[in-house]
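Q: Can you walk me through part of this structure? I am new to it.

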Amino acid sequence: MASSSVPAHHKSFKYNLDSLHWNEDHTRNEEGVYCYCGLDISGDESVLQCESCNQLFHWDCVSCLKQKPLRGDSFYTFRCAVCEGGSELYQRMSISWVQVIYLVLYHMMTGEPDKKYFRWRENICAVIDEYWDYLLPGKERTATWQNTVAGCLSTNNVIFKSGIEDTGIPGNWALAEVVPPPKHGFTKPTRVKDPNKLPRQSRKSDSAPKSKRDKSLDSSNEGGESKKKSRKRAQLSEKDIIKSKSNGNGNNSNGNGNGKPSHDSESPPWKRAKTNVNLVDSELLQ
C-alpha cells in the first residue's frame with residue numbers, strides 16, 4: 001500500500017463530518033459537502049471513497065492519484081489524510097479481465113448515456129490500453145491481450161450484451177444492466193451455456209465411450225476382417241476340391257494321363273500284409 005503526503009490544510013476537514021445526512025448507499029449527502037475542500041460533486045464526476053470515514057473525495061484533490069479514475073471504480077483501498085494523520089494510503093486491488101471490461105463499459109456508458117453500444121476494439125480496448133497501469137498494475141501487455149478481451153465479451157453473456165441483433169454488425173457491446181461493478185466480485189454466474197450450441201469435441205481416451213462414428217468404423221473393420229476370412233475359406237475349399245478330384249482321377253499321381261489307376265499305386269491292406277509275410281519268409285530262408 002502506497003502512502004503520500006498532503007498539504008497541511010488537508011489534515012482536517014473544514015466542516016463537521018458527523019453532521020452530514022447521507023443516503024442509504026452513502027454516495028450522496030443532503031448538504032452537498034465533500035472532500036477536503038468541502039465542495040459539491042457533479043453527477044458523473046470520478047471520486048474516491050475513504051474506507052475509514054466513508055467521505056468522498058475529488059480525484060484532483062487527493063495526492064495519491066496521477067490519473068483520473070474511472071466512474072464506478074471501487075477496486076481499491078483508500079484512507080484519507082484526515083484519518084491517517086497527514087498522509088494518504090492507496091492500493092489497487094487485483095481484478096480479473098471480466099471485472100476490467102465491466103468497469104470500462106460502465107465508465108463509458110455512464111459518460112455517454114445516449115450511446116447504446118461500444119466497439120470492442122476501438123472503444124473498450126482503447127480505454128484499457130490508456131488505463132493499463134491504473135487497472136492492471138505490474139501486468140505485462142502480451143501480444144494477445146485484445147483476444148482475451150474479445151473472448152471475455154463473447155462468453156460472459158449474462159453481464160455483456162452483444163449488439164449484433166440491433167445493429168446487424170458484430171463487435172458492438174454493452175452492459176446487460178448498467179449498474180456499478182461489485183467490489184468483491186460477481187455473486188451470480190456471468191455466463192449461461194447456449195443450448196443450441198454444440199459442445200466442442202474432446203479428445204477421445206481409451207476409457208471414453210465410443211461414438212457412433214467409432215462404432216461405425218469398428219463395424220467396417222470387422223466386416224473387412226470377415227470378408228478376408230470368407231475369401232480365405234473359399235480359397236481353401238477350392239484347393240480341397242482340386243485335390244480331391246486329383247486323387248480320384250489320378251491325373252497328377254500316375255503320370256499316364258488316362259484317368260485309370262496305375263499299377264504302381266498303393267496296394268490294398270491285405271495285399272501289403274501278404275507281401276510283408278513273403279519278405280519275412282525269404283529273410284529266414286537265407
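**Strand β8 and its neighbours**

A: Phe118 stands opposite Trp173 in strand β8. The model is predicted, with local features needing pLDDT of at least 70 and side-chain atom pairs counting only at pLDDT 80 or more, while totals for chains, interfaces and linings use all residues. Residues are numbered from 1 along each chain as its sequence is written, and side-chain values use heavy atoms, without hydrogens and water.

Q: What sits opposite Trp173 in β7?
A: Ser162 stands opposite Trp173. Strand β7 (residues 160-162) runs antiparallel to β8, joined by 3 bridges.

Q: And how many bridges pair β6 with β8?
A: Strand β6 (residues 118-119) pairs with β8 in the antiparallel sense over 2 bridges. Pairing takes at least two DSSP bridges between the strands, and a strand is a DSSP run of E of at least two residues, a helix one of H or I of at least four, numbered from the N terminus.

Q: Which way do the β8 residues point, and are they buried or exposed?
A: Asn172 and Ala174 point one way, Trp173 and Leu175 the other, and all are buried (under 20% relative accessible area, 1.4 Å probe, protein chains only). In a regular strand the side chains alternate between the two faces of the sheet.

Q: Switching to helices: how do α3 and α5 cross?
A: The axes of α3 (residues 120-130) and α5 (residues 145-155) come within 11 Å and cross at roughly 120°. The two helices are therefore oblique to each other (not under 35 degrees, over 145, or 65 to 115).

Q: Which residues meet there?
A: In α3, Trp120, Arg121, Ile124, Cys125, Ile128 and Asp129 meet Trp145, Gln146, Val149, Ala150 and Leu153 in α5, with contact meaning heavy atoms within 4.5 Å.

Note on methods. Axes fitted to C-alpha atoms, helices over the stretch in contact; angles between N-to-C directions. Buried < 20%, exposed > 50% of the residue type's maximum accessible area, 1.4 Å probe, protein only.
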